[in-house]
Amino acid sequence: MIENLEPFKVTPPIHIAIIMDGNGRWANAHGHHRFFGHVRGARVAKSIIEACSFRRVKFLTLFAFSSENWLRPKDEVSLLMKLLFSRLNRERAGLVRNNIKFKCIGDLDRLPAKVKEAVNQTISETDHCTGMTLIFALSYGGRQEIANAAKRIAFLVGSGKLRPEDVNEELFHSQLESSEIPDPDLIIRTSGESRLSNFYLWQSAYSEFMVFPKMWPEFTRNDLDLAIESFNLKERRFGKTSEQLGSSPQTSSRSLKGEV
């Protein structure tokens with residue numbers, strides 16, 4: 001229950017992004033079918049979503065299904081889609097009750113029709129919520145997002161609506177699907193792997209990265225609190241010196257540009 005969380009005095013990151021890795025390996029290690037690991041992982045995701053909302057994190061992105069995950073065995077992909085469908089329908093009311101706004105990034109057209117419908121229904125029914133924004137990265141790949149932004153810019157240049165010399169970091173960022181979401185301040189990955197796996201490639205330039213050796217089904221709210229506390233000890237300089245930063249060690253990369 002979310003009410004059991006202890007009060008927290010540290011300031012959370014504006015945006016936490018999590019690569020939820022290790023469901024299948026956890027299940028195999030405990031003698032279960034891989035799908036049992038995904039079910040257990042979904043329960044942990046719900047717990048962490050509620051905890052982040054309670055901790056007043058403004059944005060939480062969960063890397064739920066990558067563009068490369070379509071390459072997994074068909075029966076596993078099918079089971080994952082069924083699990084996503086059932087969890088969205090089951091948790092939609094809870095998101096509204098907790099004032100959590102739901103968004104998605106990724107190629108939703110690849111989702112089965114009824115799953116895409118459940119996604120869009122959840123987005124629509126939580127659109128009025130003003131608390132934390134929860135982003136599911138579904139059928140998402142960072143390279144694909146960058147390539148799509150490049151295509152849009154190429155079209156604008158080709159149609160004469162944009163000059164090549166107008167292209168800069170800010171303009172490129174504005175063409176990303178996730179342009180309305182602040183860059184992640186903290187990226188957490190479970191399972192001990194220390195790679196991004198095609199997640200938020202553009203946006204993670206100045207993200208703090210924290211790896212937990214445990215598998216995602218073993219991740220707890222205490223681990224989340226540990227990550228937030230460790231983040232607060234970081235001095236984020238964004239290329240500057242400590243002296244230049246003065247007394248604001250935990251400034252969002254986007255807020256430095258006056259955007260948040």
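**Briefing: rings, charges and a helix**

Let's start with Phe36, which is partly exposed, with a relative accessible area of 34%. Please keep in mind that this is a predicted model. The structure holds eleven aromatic pairs and 17 salt bridges, and the points below walk through some of them. Helix α5, strand β2 and the loop between β5 and β6 get a look too.

**Aromatic pairs**

- A pair of aromatic rings is described by the distance of the centres and the angle of the planes.
- The count of aromatic pairs comes to eleven. One of them joins Trp26 and Phe36, whose rings are stacked at 6.0 Å centre to centre, with 15° between the planes.
- This pair links distant parts of the chain, ten residues apart: Trp26 belongs to helix α1 (residues 23-29) and Phe36 to helix α2 (residues 34-54).
- How do the two partners stand in terms of accessibility? Trp26 counts as buried at 6% relative accessibility, because the cut-off for buried is under 20%. Phe36, at 34%, is partly exposed.
- Tyr140 and Phe199 form another pair, and this one is edge-to-face because the planes are at 85°, with the ring centres 6.3 Å apart.
- Why does the pair of Tyr140 and Phe199 tie together parts that are 59 residues apart in sequence? Tyr140 lies in strand β4, whereas Phe199 lies in the loop between β5 (186-189) and β6 (208-211).
- Tyr140 and Phe199 are both buried. They also belong to one aromatic cluster, together with Phe63 and Tyr200.

**The loop between β5 and β6**

- Tyr200, a member of that aromatic cluster, is found in the loop between β5 and β6. With a relative accessible area of 1%, Tyr200 is buried.
- The backbone of Tyr200 may catch your eye: its phi is positive, near 45°, in a residue other than glycine.
- Asn198 also has its place in the loop between β5 and β6. Although Asn198 is not a glycine, its phi is positive, about 70°.
- Is Asn198 buried or exposed? At 12% relative accessibility, Asn198 counts as buried.

**A charge over a ring**

- Lys114 has its charged end over the ring of Phe85, at 4.7 Å from the ring centre.

**Salt bridges**

- Side chains of opposite charge can pair when their charged atoms come close.
- In the whole structure, 17 salt bridges are found. Among them is the one between Asp21 and Arg189, at 2.9 Å from N to O.
- Asp21 sits in the loop between β1 (15-19) and α1, while Arg189 sits in strand β5, so this salt bridge ties together parts that are 168 residues apart in sequence.
- Both ends of this salt bridge are buried: Asp21 has a relative accessibility of 14%, and Arg189 has 3%.
- Asp21 and Arg189 are also part of a network of salt bridges that links them with Arg25, Glu193 and Arg195.
- Lys116 and Asp109 form a salt bridge with their closest N and O atoms 2.5 Å apart. Here Lys116 is partly exposed at 27% relative accessibility, and Asp109 is exposed, with a relative accessible area of 59%.
- Asp223 and Lys214 meet in a salt bridge at 2.9 Å, N to O. Asp223 is buried, with a relative accessible area of 10%, whereas Lys214 is partly exposed at 27%.

**Helix α5**

- Helix α5 has 17 residues (142-158) and should span 24 Å at 1.5 Å a residue; its end C-alpha atoms are 24 Å apart, which agrees.
- Which residues of α5 are buried? They are Gly142, Glu145, Ala149 and Ile153. These residues lie on the same side of α5, because they cover an arc of only 70° around the axis.
- The buried residues of α5 pack against β4 (133-140) and α6 (169-174).
- Arg143, Lys151, Phe155 and Gly158 are exposed on the other side of α5.
- Gly160 follows α5, and its phi is positive, near 80°.

**Strand β2**

- Ser66 belongs to strand β2 (residues 59-66) and is buried, with a relative accessible area of 9%.
- Which residues does Ser66 touch, not counting those up to four places away in sequence? They are Ser139 and Tyr140.
- Tyr140 thus appears twice in this briefing, as a contact of Ser66 and as a member of the aromatic cluster with Phe63, Phe199 and Tyr200.

Definitions and conventions:
Residues numbered from 1 in each chain as written. Heavy atoms only, no water. Helix = DSSP H or I, 4+ residues; strand = E, 2+ residues; numbered from the N terminus. Buried < 20%, exposed > 50% of the residue type's maximum accessible area, 1.4 Å probe, protein only. Contact = heavy atoms within 4.5 Å. Expected span 1.5 Å × (residues − 1). Arc of directions from axis to C-beta. Phe/Tyr/Trp six-rings, centres within 6.5 Å; stacked < 30°, edge-to-face > 60°. Lys NZ or Arg CZ within 6 Å of the ring centre and 35° of its normal. Salt bridge = Lys/Arg side-chain N within 4 Å of Asp/Glu carboxyl O.
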